[in-house]
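Biologist: Hi! Could you pull up the model so we can walk through it together?
Modeller: Happy to, here it comes.

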Amino acid sequence: MSATILPNPFWLCNYFLGVDGVVRHNSLMRKQKGNLRKKNGSWVLRVYVTDIGLDGRPVRRQVTKTLTRVSDEFRREKDLEKLVDEELALINRGSAAEGSLTLAQFADTYWLPTIKVKRRASTHKFYKELFDNHLRARVGALKLREFETVHAQRVLDDIDLSHSSLQRIKSGMSAIVGHALRLGFIRGHNPVHESKPDGRRNEFEGAAYTAEDVATMLEKLSGVPRVAVATAAFTGLRLAELKGLQWADYDGTYLHVRRSVWRRNVGMTKTPESKASVPVVAPLRKLLDDHKAQASGSIWIFQGVRGFALNLDNMTRRDILPAVREHWRGWHSFRRGLATVLFGLGVDPEVAATILRHSDSRTTRRHYIKLQSQKEGAAAMQRLENALAKKAQTRPSKKRPK
């Protein structure tokens with residue numbers, strides 16, 4: 001049995017444990033000054049880089065970088081100090097062997113698997129599609145140590161989407177590079193931070209159901225679709241939270257939101273604030289109680305034939321759309337509609353944010369309550385128009401004296 005040879009204890013501070021479990025010497029991570037010389041009429045910089053070899057282990061190799069042609073401006077070594085510093089900063093930023101990984105290799109091997117383990121399944125799907133659709137072809141072949149702000153900016157400038165969509169793409173790029181920084185594959189700051197997403201103005205205005213819309217749908221629907229629509233309308237739950245409701249979460253007075261269901265994945269709620277209790281109003285209580293009496297011991301409030309949470313999207317296409325097609329504008333419109341109705345009844349935005357379980361009431365104001373504000377603004381201008389017209393009719397006529 002061969003003995004493991006360890007370095008002299010006096011030198012232990014010069015060793016570190018790599019992410020692959022290999023003990024390496026700090027010389028693989030040290031900064032270097034490079035060797036500058038003239039070659040074939042150009043200034044070239046000779047440096048050492050550490051790459052990942054075919055066997056997955058670090059390989060130290062020498063590379064030569066051509067900086068510029070020899071000229072009156074760049075005649076002496078001192079004239080190239082700025083160029084040399086910029087090149088060395090880039091090399092030293094990714095001096096770890098893993099800095100030679102391309103963004104695609106790093107995303108597939110380290111970043112996306114981490115997201116899959118630590119985040120919700122829907123979040124992993126979002127990031128994977130973001131990388132595959134927008135980043136893999138544009139910067140996937142670029143090495144981590146070579147990725148700079150200019151590359152992030154080119155990605156954002158090359159994509160014709162709204163500002164909010166580009167902001168999400170920027171966040172995805174920043175998350176990838178940030179993960180590489182935390183693992184020690186590269187050093188320095190995150191170059192994505194300085195990029196700027198412009199994009200087109202987002203013209204999206206989310207729809208919101210009115211009380212009349214809800215009443216019409218409840219009148220035309222029956223059975224489970226009617227209970228599901230009523231639950232969404234009177235609680236403002238997200239679609240994944242509706243799917244995740246179990247009878248143990250209903251106590252006759254409150255619905256306790258404890259989980260979400262996306263496809264076949266049962267996970268946590270969107271935010272910690274989303275895990276809360278929502279009051280059940282009397283009309284919904286009657287519907288839920290009647291539905292429970294016919295549930296015959298099922299676990300999920302909306303349960304499919306296979307004993308798992310019901311696919312509400314399939315139910316929408318099969319049962320809801322044929323009955324209320326002209327009124328249907330999606331499940332999330334119930335959430336906006338509840339906020340709009342509450343605001344119209346004089347409920348404080350802070351209270352509405354609590355019912356919708358937003359972490360910040362500004363979200364409620366910005367994306368939900370403004371719909372009601374626009375309606376009230378239009379009504380106020382109509383009142384102003386009526387008042388001006390009435391004043392013009394009652395104004396006495398003045399005759400010019402002869």
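Biologist: Let me start with one residue: is Thr-316 buried or exposed?
Modeller: Thr-316 is buried, because its relative accessibility is 7%, under the 20% cut-off. Do keep in mind that this is a predicted model.

Biologist: Where is Thr-316 found, and what is Thr-316 in contact with, leaving aside its neighbours within four places in sequence?
Modeller: Thr-316 is part of helix H10, which covers residues 312–324. Leaving aside neighbours within four places in sequence, its contacts are Leu-321, Pro-322, Trp-328 and Trp-331.

Biologist: Staying with H10, what does Asp-313 form a salt bridge with?
Modeller: Its partner is Lys-243, at 3.8 Å from N to O. That pair links distant parts of the chain, since Asp-313 is in helix H10 and Lys-243 in helix H8 (residues 239–243), 70 residues apart.

Biologist: And are those two buried or exposed?
Modeller: They split. Lys-243 counts as buried because its relative accessibility is 10%, whereas Asp-313 is partly exposed at 32%.

Biologist: How many salt bridges are there?
Modeller: The count comes to 15. One of them joins Asp-158 and Arg-138, with the closest N and O atoms 2.7 Å apart. Asp-158 lies in helix H4 and Arg-138 in helix H3, so this pair ties together parts 20 residues apart in sequence.

Biologist: Which helices do the buried residues of H4 pack against?
Modeller: They pack against helix H3 (121–139) and helix H5 (163–183). The buried residues of H4 are His-151, Ala-152, Gln-153, Val-155 and Leu-156.

Biologist: What does Asp-249 meet in a salt bridge?
Modeller: The side chain of Asp-249 meets that of Arg-258, at 2.6 Å from N to O. Asp-249 is buried, with a relative accessible area of 0%, while Arg-258 is partly exposed at 38%.

Biologist: Which residues are linked in a network of salt bridges?
Modeller: That network takes in Asp-108, Lys-128, Asp-132 and Arg-136.

Biologist: Changing topic: which residues form the negative surface patch?
Modeller: Glu-81, Asp-85, Glu-86 and Glu-148 make up that patch. Glu-86 sits in helix H1, residues 81–93, and counts as partly exposed because its relative accessibility is 46%.

Biologist: Last one, the big picture: how many helices and strands are there?
Modeller: The protein has 13 helices and nine strands. Of its 402 residues, 40% are buried. The accessible surface comes to about 24,000 Å², and carbon and sulfur atoms hold 53% of that.

Notes. Residues numbered from 1 in each chain as written. Predicted model: local features only at pLDDT ≥ 70, side-chain atom pairs only at ≥ 80, totals over all residues. Heavy atoms only, no water. Patch = residues over 30% accessible without salt bridge, like charges linked within 9 Å, V, L, I, M, F, W, Y side chains within 5 Å. Areas by Shrake-Rupley, 256 points an atom, 1.4 Å probe, with all protein chains shown as cover. Salt bridge = Lys/Arg side-chain N within 4 Å of Asp/Glu carboxyl O. Lys, Arg positive; Asp, Glu negative; His and termini not counted. Charge placed at Lys NZ, Arg CZ, Asp CG, Glu CD. Helix = DSSP H or I, 4+ residues; strand = E, 2+ residues; numbered from the N terminus. Buried < 20%, exposed > 50% of the residue type's maximum accessible area, 1.4 Å probe, protein only. Contact = heavy atoms within 4.5 Å.
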